[in-house]
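The following paragraphs guide the reader through a protein model, from its strands to its interior. Please keep the sequence and the three-dimensional view at hand while reading.

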Amino acid sequence: MTAIQAATAHRKTRRLVATAAIAAGAALTLSACGAGQISQTADQVAAVNGNSADVGNISVRNVHVVYPQSEEYSIEPGGKVELGFIAVNNSPNNSDKLTRIATTAASSITLGEEPGGTEIEPLTALGAGAPADTQLDDPLIPLQQIVVELNGIGEDVRPGLTVPVTFTFENAGDVEVLVPVDAGPVLPRNVSDKSPVEAEAHGEAESAEQSIVETEVEEGADGNN
């Protein structure tokens, strides 16, 4: 083996060692991400649109102000809106209970009194809002559905903004979440000649028509000569 071949082989060996070290480091990082999880319920929440927080054994997920879908609710100041969220109890042994929800963005909050109440048994979840927002990846995990309403909302409850909401659990304690307000349905776009893009397209069309007319006039002039 020549000196050049030996040096090349040595460099390849060093690159392989470095690659293996990086791969090992990545494996350790991924393992660390899952460390401390008591159960799999913390990973059972579907893709979220709202905000999240953790306190004790409780994972609060997809917390958001639901954009009104019926005449019963209104996003206008003084109106009433629903609060959507999922609260997962990750403890395999101890139950917990949602005892209070507070916010400065509404004059009062109605915490639903559905059968089963706000008790969260071990490895179960409590959900509020639209059913589509409270679906778990594992349908076998029990989910208790309730209705939570913000009454007399303030002017800061507007689509695209966030409002502070504090959840109080009997065992886990308090946790504050900055809650986004749903943007609502997509409104149809009204187009006119004054819209920037439409005005530009309209101007280009007029220029093209004018160019055609001028060309025709020039051709007619040549023909007369």
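Which residue in β7 does V88 stand opposite? The residue is A125, and the answer leads into the strand arrangement of what is a predicted model. The pairing of β3 with β7 is antiparallel and comprises four bridges. V88 and A125 also appear together in a nonpolar core of five residues, among them L136 and I141.

Some overall figures set the context. The protein contains two helices and 11 strands, and from the N terminus on its elements follow the order α-β-β-β-β-β-β-β-β-β-β-β-α. It has 225 residues, of which 31% count as buried. Its exposed area is about 13,900 Å², with carbon and sulfur atoms supplying 53% of it. Among contacts between residues at least 6 apart in sequence, 64% join residues at least 24 apart.

Confidence should be considered before the details. The mean pLDDT of the protein is 74, and 60% of its residues reach 70 or more. Over residues 12-48, pLDDT stays under 50; for this stretch the model has 27 contacts beyond four places in sequence.

Strand β3 offers a suitable point of entry. Nine of its 10 residues are buried, so the strand is mostly covered. Besides β7, β3 pairs with β2 and with β9. Seven bridges join β2 to β3 in the antiparallel sense, and V66 stands opposite E82 in β3. With β9, β3 forms three bridges, again antiparallel; the bridge partner of V81 there is L150.

F85 belongs to strand β3. The relative accessible area of F85 is 1%, so this residue counts as buried. Beyond four places in sequence, the residues that F85 touches include R61, N62 and V63, as well as L98, I101, L126 and F167. For L126, the separation from F85 is 41 residues in sequence, while the C-alpha to C-alpha distance is 8.2 Å.

A further set of strands can be followed from edge to edge. Four strands form an open sheet in the order β6-β4-β10-β11, with antiparallel pairing. β6 (119-120) and β11 stand at its edges, each with a single partner strand, so one side of each has no neighbour in the sheet. Two bridges connect β4 and β6, and K97 stands opposite E119 in β6. β4 and β10 are joined over five bridges, where R100 has T168 in β10 as its bridge partner. β10 and β11 pair over eight bridges and form a hairpin with three residues between them; here F169 stands opposite G173 in β11.

How are the phenylalanines of these strands related? A search of the whole structure finds two aromatic pairs. The ring centres of F85 and F167 are 5.1 Å apart and their planes lie at 70 degrees, so this pair is edge-to-face. Because F85 lies in strand β3 and F167 in strand β10, the pair ties together parts that are 82 residues apart in sequence. F167 also pairs with F169, in a stacked arrangement with 6.5 Å centre to centre and 10 degrees between the planes. Ring pairs thus link F85, F167 and F169 into a cluster. Both F85 and F167 are buried, and F169 is buried as well.

These rings belong to a wider nonpolar interior. The largest nonpolar core has 32 residues, and those with the most contacts inside it are V65, L83, F85, F167 and F169. The elements that give two or more residues to this core are β1 (51-55), β2 (58-66), β3 (80-89), β4 (96-103), β7 (125-128), β9 (148-153), β10 (162-169) and β11 (173-180). In soluble globular proteins, nonpolar side chains tend to be buried together.

The surroundings of F167 show how several of these strands meet. Leaving aside neighbours within four places in sequence, F167 is in contact with residues including V60, V63, L83, F85, L98 and I101, together with V175 and V177. R100, G173 and D174 are likewise among the contacts of F167.

Terms used:
Residues are numbered from 1 along each chain as its sequence is written. This is a predicted model: local features need pLDDT of at least 70, side-chain atom pairs count only at pLDDT 80 or more; totals for chains, interfaces and linings use all residues. Side-chain values use heavy atoms; hydrogens and water are left out. A nonpolar core is a set of buried Ala, Val, Leu, Ile, Met, Phe, Trp, Tyr and Cys residues joined through side-chain atoms within 4.5 Å. Buried means under 20% relative accessible area, exposed over 50%, partly exposed in between (1.4 Å probe, protein chains only). Contact means heavy atoms within 4.5 Å. Two strands pair if DSSP finds at least two bridges between them. Rings of Phe, Tyr and Trp (its six-membered ring) pair if their centres lie within 6.5 Å; planes under 30 degrees apart count as stacked, over 60 as edge-to-face and the rest as tilted. Accessible areas come from the Shrake-Rupley method with a 1.4 Å probe; for residues, only the protein chains shown count as cover. pLDDT is the predictor's confidence in each residue, from 0 to 100.
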